[in-house]
Amino acid sequence: MANEIGSAASRRGAIPAMTAHHLAESVRAGHNGASDAVDNLPPADASMLSQTEQTLIARAREHFATLRQEAAASLNAIQAEITSRRELFTQQRFEGRVRSVEATMRALLNKHGSELEQRVYDALRAKREYAFFNYENRRRADPKLDKWQFILFFLVVPLVLESLLNGNFFAEASDFGLVGGAATAVIISALNIALGFSMGIGPARYCQHAKSSHLFWALPAYAGMIALIVLFNLAVGHYREMLIANPDARSFQVMPRMMESPFAIYDIKSVALVIIGCLVAAVAATKGYTAFGTYPGHAAAYKRWRQRWSAVEEERRRLDVELLPELEAIRTQIDGFRADCRDELGKLQGTKAAADEARDLYLSRLGQLRAAKDAAMMQYREANLRVRTDSAPAYFTQSLNLAEIDQPGELPEYVAARRQIEDFEQQLAGMPALIEAKLKDRLMLLRGVDLAGEIEQVKLRAAQAGREAFERDEAAQKQAAEEFAATPR
């Protein structure tokens, strides 16, 4: 970054290198030297420079001032950069970082602790609701729940078996043979299973409900669905009988036949069709009765409690699996000031190189200006000597010396920039030791924290806090109920 700033500053203020030709042409050194020599000027006894020579010196000094200003601007920009960077590397900044790391770790523990506390509270609430449900409905055991895969298998197998048997029976009475019989059999089997499962999951379960009010609808519905299943399968048997007698018979003709004689089914396969349909419906009803618990609402309350408790266990596992590595990663940041100081020391080398580059560029341009000045002056004097007839002034044998150009001193801005860089290097070198000494106790505390133990403490505190919150909630509800009961009406 420092190299980029120094190079950018050099490019922004760079001026073309001064050449002897450019400087000589700017004052017309050769022409004016010969022109002055026509009148033997400057005179042989002259001690002062000619007007052309003075103009040449003025031009050289102007160019020197530009070079000096350009170098100063580059070095001042580097000093400004160092100053701004030093403001970032203060003891207070790193003290704040260490405290921030500690605060982040504590906040993370508290956050996960509050989440676990809420999970515990929800689990206790669900358990209390489940216990209340068991008490109110006189349940003494947990419901037995089947997995949905088992329920699906238990329903699909009878569907397939009945479809195969019924398909074989209907194939004899269908114009389309086995294909037509199978299609009819699948529809009949699906209806039997749907009716049986609906009866088991609905009326059959509510017939033994603790609240007798459910019996007013459950018993009639239970009896009605049994009758519906029997009548449906009798209709299937009559339909097969009609198809055997007349392949063009339609399903709507079954009802009049059944009303005349419901049990007038004589073919042994048609009777088997009725019996198989009723058995499949009974099997489906049995599975519907036990699939979601034999008592309405019992399985839902139980699952809600188990899910809430599973959420507690999952949160506890998540604290171990996710929180511990996250805390370890955060804790490593407390030593980040060492890496920052090392990185900044590396950058300072680039800054130092940029300062040297600006100084070297200035000295290089100054050398070019010095050579151009001497060459232009020599061009003037040689042209003058060729034309004049009188003796040349004595000072023509002496070189023109300008102290600021011929004996330049060290740039004050460069000296200041190097001193600033060295001070910053010393500051960065001593910063880690200073922080270690200043924050010794806090750093030792953070490095020595047993994060696994802290997480276990968080678990214990969260469980206790959740339990206490639940007990307070229960006590408040109980008190509100007592106050409501004691209110005169």
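A salt bridge is counted here where a side-chain nitrogen of Lys or Arg comes within 4 Å of a carboxyl oxygen of Asp or Glu. By that criterion Glu315 forms a salt bridge with Arg318 in this predicted model, with the closest N and O atoms 3.0 Å apart. Both residues belong to helix α12 (residues 298-331), where they stand 3 residues apart, about one turn of the helix. An α-helix has 3.6 residues a turn, so residues three or four places apart point the same way. The two partners nevertheless fall into separate classes of accessibility, because Glu315, at 3% relative accessibility, counts as buried, while Arg318 has a relative accessible area of 24% and is partly exposed. Through shared partners, salt bridges also join Lys111, Glu115, Glu315 and Arg318 into one network.

The fold around this network contains 17 helices and 0 strands. Of the protein's 489 residues, 39% count as buried, and the accessible surface comes to about 27,100 Å², with 59% of it belonging to carbon and sulfur atoms. Among contacts between residues at least 6 apart in sequence, 86% join residues at least 24 apart.

In soluble globular proteins, nonpolar side chains tend to be buried together. Here the largest nonpolar core has 41 residues, and Leu75, Tyr362, Leu369 and Ile405 are the ones that touch the most other members. Two or more residues of this core come from each of α2 (20-27), α4 (51-88), α13 (336-387) and α15 (412-438), with α13 giving the largest share, 13 residues. When neighbours within four places in sequence are left aside, Tyr362 is in contact with Phe64, Leu67, Arg68, Ala71 and Leu411. Another core, of 17 residues, lies apart from the largest one, and includes Val120, Leu327, Ala462 and Ala463.

Among the helices that contribute to the largest core, α2 has Leu23, Ala24 and Val27 as its buried residues. Seen down the helix axis, these buried residues of α2 fall within an arc of 95 degrees, and therefore they line one face of the helix. After α2 comes Arg28, whose phi is positive, near 50 degrees.

Arg68, one of the contacts of Tyr362, also forms a salt bridge with Glu413, in which the closest N and O atoms are 3.0 Å apart. Because Arg68 lies in helix α4 and Glu413 in helix α15, this pair ties together parts that are 345 residues apart in sequence. Glu413 has a relative accessible area of 17% and is buried. Within α4 itself, the side chains of Arg85 and Glu81 meet in a salt bridge at 2.4 Å, N to O; the two residues are 4 apart in that helix, about one turn, and both are buried. In total, the structure holds 16 salt bridges.

Other residues of the helices reach the surface to some degree. Ala339 lies in helix α13 and, at 27% relative accessibility, counts as partly exposed; its C-alpha atom is separated by 9.6 Å from that of Pro432, although the two residues are 93 apart along the chain. A nonpolar surface patch of about 380 Å² is made by Ile268, Val271, Ile275 and Leu279. Of these, Ile275 lies in helix α11 (residues 268-291), and its relative accessibility of 47% places it in the partly exposed class.

Technical notes:
Residues numbered from 1 in each chain as written. Predicted model: local features only at pLDDT ≥ 70, side-chain atom pairs only at ≥ 80, totals over all residues. Heavy atoms only, no water. Core = buried A, V, L, I, M, F, W, Y, C linked by side-chain atoms within 4.5 Å. Buried < 20%, exposed > 50% of the residue type's maximum accessible area, 1.4 Å probe, protein only. Contact = heavy atoms within 4.5 Å. Areas by Shrake-Rupley, 256 points an atom, 1.4 Å probe, with all protein chains shown as cover. Arc of directions from axis to C-beta. Patch = residues over 30% accessible without salt bridge, like charges linked within 9 Å, V, L, I, M, F, W, Y side chains within 5 Å.
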